[in-house]
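Please look through the structure below with the text beside it. The paragraphs that follow take up helices, sheets, pockets and a few points in the backbone.

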Amino acid sequence: MFRDYKHIALILLALVASGVGRVQAQTPANTTNGVAACPQRKATVNAAFDAIANKFSSNFVGMCVGAIGPPGAIGTGYAATKCYGETLAGSGNRPTSHTLFWTGSVTKTMTATLLALRVNQDSVNLNDRVDAYLPSAYHIPKITLLHLADMESGLQRNPPDPYQTPADETQLYTDLQACVGDPTCWKGINRYSYSNFGYGVLGNVLANHDGSLKWSLDNFYYVMAPLGMFDTKTSEDYNSVDFLNRRAYGHVRTSDGDWLASRITNQSFGAAPAGGLWSTPSDMLIWLGNSMGSVGSNRDVDSALALTTQCRGPWGNKNSSCSSVQDCGSCTGLAWTEDIDPCTLGVRISKSGAVPGFRAWIGFDTATNRGVFVLLNSEAIKGDAVGEKLLDMIP
């Protein structure tokens with residue numbers, strides 16, 4: 001355990017060395033876009049965190065936020081996290097930088113990075129048909145790895161019958177074969193349709209390709225651990241005592257306005273690559289820094305991350321010549337959503353997550369090299385509503 005946290009400390013030290021590592025630094029507001037363009041900017045990152053917590057305090061039980069900002073006039077940036085509220089309503093226990101939150105679909109950015117890593121290694125091709133990596137009994141017409149990764153596979157949102165919560169690969173691939181034979185389930189390729197089902201297939205196919213029996217361990221070994229993210233795993237991959245001691249509890253709001261804790265901690269085997277990872281604010285700060293390109297922790301993983309954030313064209317129209325966010329207005333990367341930040345008019349790259357009792361959001365503005373993440377252990381408000389506002393507030 002000491003080795004793991006020592007590695008994390010080295011990653012955060014790299015953030016400092018890169019010019020974005022002084023926690024809660026007194027950095028001047030952005031002068032390129034100015035107060036006129038982004039009047040809600042706060043003078044310090046700590047002030048931005050407190051402002052966002054005050055604004056949404058009635059809508060969360062616990063919240064941890066993080067931000068990375070650009071070098072200011074004095075040549076220093078910041079990388080900071082802060083937590084508010086409780087891990088369990090009424091407990092009095094405040095979350096910390098090492099509290100475990102379920103990240104939901106932010107997981108997809110990590111699954112996509114595993115795919116991009118294999119593409120860069122010439123181990124797979126984005127245009128490979130998915131059934132090239134399945135047992136010969138399965139015939140899945142036309143769907144490629146890219147279709148799964150950028151939500152153009154045409155598969156419905158969640159696994160269908162006969163196994164709505166597939167417990168193993170056989171059940172998952174049986175669902176896949178059944179779906180492509182049913183026009184009510186499969187709408188055909190090159191049509192944007194958000195699909196947890198598709199990402200479940202993608203992650204497990206990659207694990208098969210790598211010779212791993214479990215996607216989560218494949219992802220951890222090749223993507224998370226090289227970055228020093230030793231606290232980003234599925235709930236089943238933690239030591240059970242450690243997990244229980246550090247987890248936040250998800251909450252839903254009852255009709256009376258009270259908070260009700262959820263005991264759900266995992267997804268089915270088949271859905272895990274779509275939203276099964278838990279993480280901490282410390283680890284999410286590392287993921288944010290590497291996703292932004294503000295810090296380089298591992299050359300291969302960072303190169304893969306860069307591939308995932310490339311614009312792949314507008315949603316649902318692969319025949320369009322549109323190839324940039326500015327031309328498209330919005331487009332898909334591999335898992336990421338890309339649009340125009342209304343505050344800076346720069347390219348904003350983001351991903352939200354939602355699972356029972358939890359909400360999450362991570363995003364950054366490429367024009368100003370600012371980025372944030374939000375982890376919530378309640379579902380009364382969407383993560384993007386908090387995250388997008390925070391991105392506008394940080395200095």
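Angles between helices are given here between N-to-C directions, with each axis being a line fitted to C-alpha atoms over the stretch in contact. The model itself is predicted, and the angles can be read with that in mind. Helix α4, which spans residues 107-120, packs against α8 at an angle of about 70°, and the two axes are 10 Å apart. Because angles of 65 to 115 degrees count as roughly perpendicular, α4 is roughly perpendicular to α8. The crossing of α4 and α8 is left-handed.

Helix α4 also meets helix α7, made of residues 196-210, and here the axes come within 10 Å and cross at roughly 40°. That angle makes α4 oblique to α7. As for its hand, the crossing of α4 and α7 is left-handed.

From the helices we can turn to the sheets. One open sheet is built from seven strands in the order β2-β1-β12-β11-β10-β9-β8, and the pairing in it is antiparallel. At its edges stand β2 (78-85) and β8, and since each of these has a single partner strand, one side of each is left without a neighbour in the sheet. From one strand to the next, the twist averages 15°.

The β8 end of this sheet can be followed strand by strand. Strand β8, residues 330-332, runs antiparallel to β9 and is joined to β9 by three bridges. Within this pair, Ser330 stands opposite Asp339 in β9, while Thr332 has Thr337 of β9 as its bridge partner. The two strands β8 and β9 form a hairpin with four residues between them, and in the turn Ala335 has a positive phi of about 85°. Strand β9 is in turn joined to β10 by four bridges, and β9 and β10 run antiparallel. Thr337, already met as the partner of Thr332, has Ser350 as its bridge partner in β10. The hairpin of β9 and β10 has six residues between the strands, and Leu345 in this hairpin takes a positive phi near 65°.

Another open sheet has three strands in the order β3-β7-β4, with antiparallel pairing. Its edge strands are β3 (101-102) and β4 (233-234), each of which pairs on one side only. Strand β7, residues 277-279, pairs with β4 in the antiparallel sense over two bridges, and Thr234 stands opposite Leu277 in β7.

Where, then, is there open space in the model? The largest pocket holds about 770 Å³ of space. Its lining is made of 41 residues, and those closest to its centre are Ser105, Arg157, Tyr194, Asn196 and Ala354. Several elements each supply at least two residues of this lining, namely α10 (272-275), β9 (337-340), β10 (347-355), β11 (358-365) and α14 (383-393). The largest share, six residues, comes from β10, a strand that also belongs to the seven-stranded sheet described above. Sorted by class, the lining of the largest pocket has 15 nonpolar, 17 polar and nine charged residues.

The second largest pocket has a volume of about 160 Å³. It is lined by 15 residues, and Lys214, Thr234, Glu236, Phe269 and Ala272 lie nearest its centre. The elements that give two or more residues to this lining are α8 (215-224) and α10. Helix α8 is thus met again, having already appeared as a packing partner of α4, and Thr234 is the residue that stands opposite Leu277 in β7. By class, the lining of the second largest pocket divides into four nonpolar, nine polar and two charged residues.

Two points in the loops complete the walk through the model. The peptide bond from Asp161 to Pro162 is cis, with omega near 10°, and Pro162 is found in the loop between α5 (145-149) and α6 (169-180). Lys142, a residue other than glycine, has a positive phi near 75°, and its place is in the loop between α4 and α5.

How values were computed
Residues are numbered from 1 along each chain as its sequence is written. This is a predicted model: local features need pLDDT of at least 70, side-chain atom pairs count only at pLDDT 80 or more; totals for chains, interfaces and linings use all residues. Side-chain values use heavy atoms; hydrogens and water are left out. Two strands pair if DSSP finds at least two bridges between them. On a 1 Å grid over the protein atoms alone, a cavity is a set of points where a 1.4 Å probe fits but cannot get out, and a pocket is an open set with protein on both sides within 12 Å along at least five of seven lines; lining residues have an atom within 4 Å of a point. Grid points are joined across faces, edges and corners, and a volume is the space filled by probe spheres set on the points. Ala, Val, Leu, Ile, Met, Phe, Trp, Tyr, Cys and Pro count as nonpolar, Asp, Glu, Lys and Arg as charged, and the others, Gly among them, as polar. Axes are lines fitted to C-alpha atoms, for helices over the stretch in contact, and angles run from 0 to 180 degrees between N-to-C directions. Angles under 35 degrees count as roughly parallel, over 145 as roughly antiparallel, 65 to 115 as roughly perpendicular and the rest as oblique. A crossing is left-handed if the near helix is turned anticlockwise from the far one by less than a right angle, and right-handed if clockwise.
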